[in-house]
Amino acid sequence: MSTDELSSLSSLAIQANIGDSPPKRSLSGKILIGVTGGIAVGLSIVCYPFVAPALRKHCLPYVPATAKQIDNVLTSVRRAGAPDKLLDIGSGDGRIVIAAAKRLQLEAHGVELNPWLVYYSRLAALKGGVFGQTKFYRKDLWKYDISGYNNIVIFGVEQMMADLEKKIEHEAKPDSTIIACRFPFPTLQPTKTIDDGINSVWVYRKFK
């Protein structure tokens, strides 16, 4: 084989290799894009229940209650006799509900929009030995009927307290006790206030 022929074959081989390279790189790129996209979708699915409430007009962000707040809430609960029932609106990880069931032997319920926190609360209640005394509902608090409770706990945010006040006035039964934490209602007058700062608790009674 002549030198010219060898040179031509080498040139063809180089061109063939160069021509084959882009598809290999393209295939690797497609695989990388697919894997990255799959991870992004997976993260979106996991994170959506935490983010979605924040996209609503009124939301209750998850801020765990401190030990002092729990003590203040339980001190404010009014025992009227059977059937005493407590509701925590925006129950988060369930610690208020579980503490009320444990320490006050109350039937206590929680309403929470985030499904992961609802599942966690149920497991925590089971671990704490009060699963039978507690219930946790994944519900929109604005659509949940609060008329069956004589103690209602609210860890609200300032922007939603006016609307919560209207809900209390329309739905809460007479002689019920409403315990607001962190922020008071705009027009209702509390019967007493406990503590100050982040641990503040305002106690209200609905007489009619």
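**Group meeting: N150, strand β5 and K206**

Let me begin with N150, which, once the neighbours within four places in sequence are set aside, is in contact with R78, A80, P83, D84, K85, K173, S176 and T177. Please keep in mind throughout that what you see is a predicted model.

Where does N150 sit in the chain? N150 belongs to the loop between β3, residues 134-137, and β4. Its relative accessibility is 6%, and because buried means under 20%, N150 counts as buried. Two polar partners can be named for its side chain: the side chain of D84, with which it makes a polar contact at 2.9 Å, and the backbone nitrogen of K85, which lies 2.7 Å from a polar atom of the N150 side chain.

Two of the contacts of N150, S176 and T177, bring us to strand β5, which covers residues 176-181. In this strand 6 of the 6 residues are buried, so β5 is largely enclosed by the rest of the structure. In a regular strand the side chains alternate between the two faces of the sheet. Here S176, I178 and A180 point one way, while T177, I179 and C181 point the other way, and all of them are buried. The strand β4, residues 151-155, pairs with β5 in the parallel sense over 5 bridges, and in one of these pairings I154 has A180 as its bridge partner.

Now to K206, which is found in strand β7, residues 201-206. Along the chain N150 and K206 are 56 residues apart, yet their C-alpha atoms are separated by 9.7 Å. Leaving aside neighbours within four places in sequence, K206 is in contact with a run of residues that includes K173, S176 and I178, and of these K173 and S176 are also among the contacts of N150.

Which side chain of opposite charge is nearest to K206, and how far away is it? That side chain is E169, at 8.0 Å, and K206, although buried, has no salt bridge. What the side chain of K206 does have is a polar atom 2.8 Å from the backbone oxygen of E169, and the backbone oxygen of I168 lies 3.3 Å from a polar atom of that K206 side chain.

Finally, the wider setting: the chain has 5 helices and 7 strands, running from the N terminus as α-α-β-α-β-α-β-β-α-β-β-β. Of its 208 residues, 38% are buried, and among contacts with a separation of 6 or more, 67% come from residues 24 or more positions apart.

Note on methods. Residues are numbered from 1 along each chain as its sequence is written. This is a predicted model: local features need pLDDT of at least 70, side-chain atom pairs count only at pLDDT 80 or more; totals for chains, interfaces and linings use all residues. Side-chain values use heavy atoms; hydrogens and water are left out. Helices (H or I, at least four residues) and strands (E, at least two) are DSSP runs, numbered from the N terminus. Buried means under 20% relative accessible area, exposed over 50%, partly exposed in between (1.4 Å probe, protein chains only). Lys and Arg count as positive and Asp and Glu as negative; His and the chain ends are not counted. A salt bridge is a side-chain nitrogen of Lys or Arg within 4 Å of a carboxyl oxygen of Asp or Glu. A polar contact is a pair of N or O atoms within 3.5 Å; within protein, one must be able to donate a hydrogen and the other to accept it, and residues adjacent in sequence count only if both atoms are side-chain atoms. Contact means heavy atoms within 4.5 Å. Two strands pair if DSSP finds at least two bridges between them.
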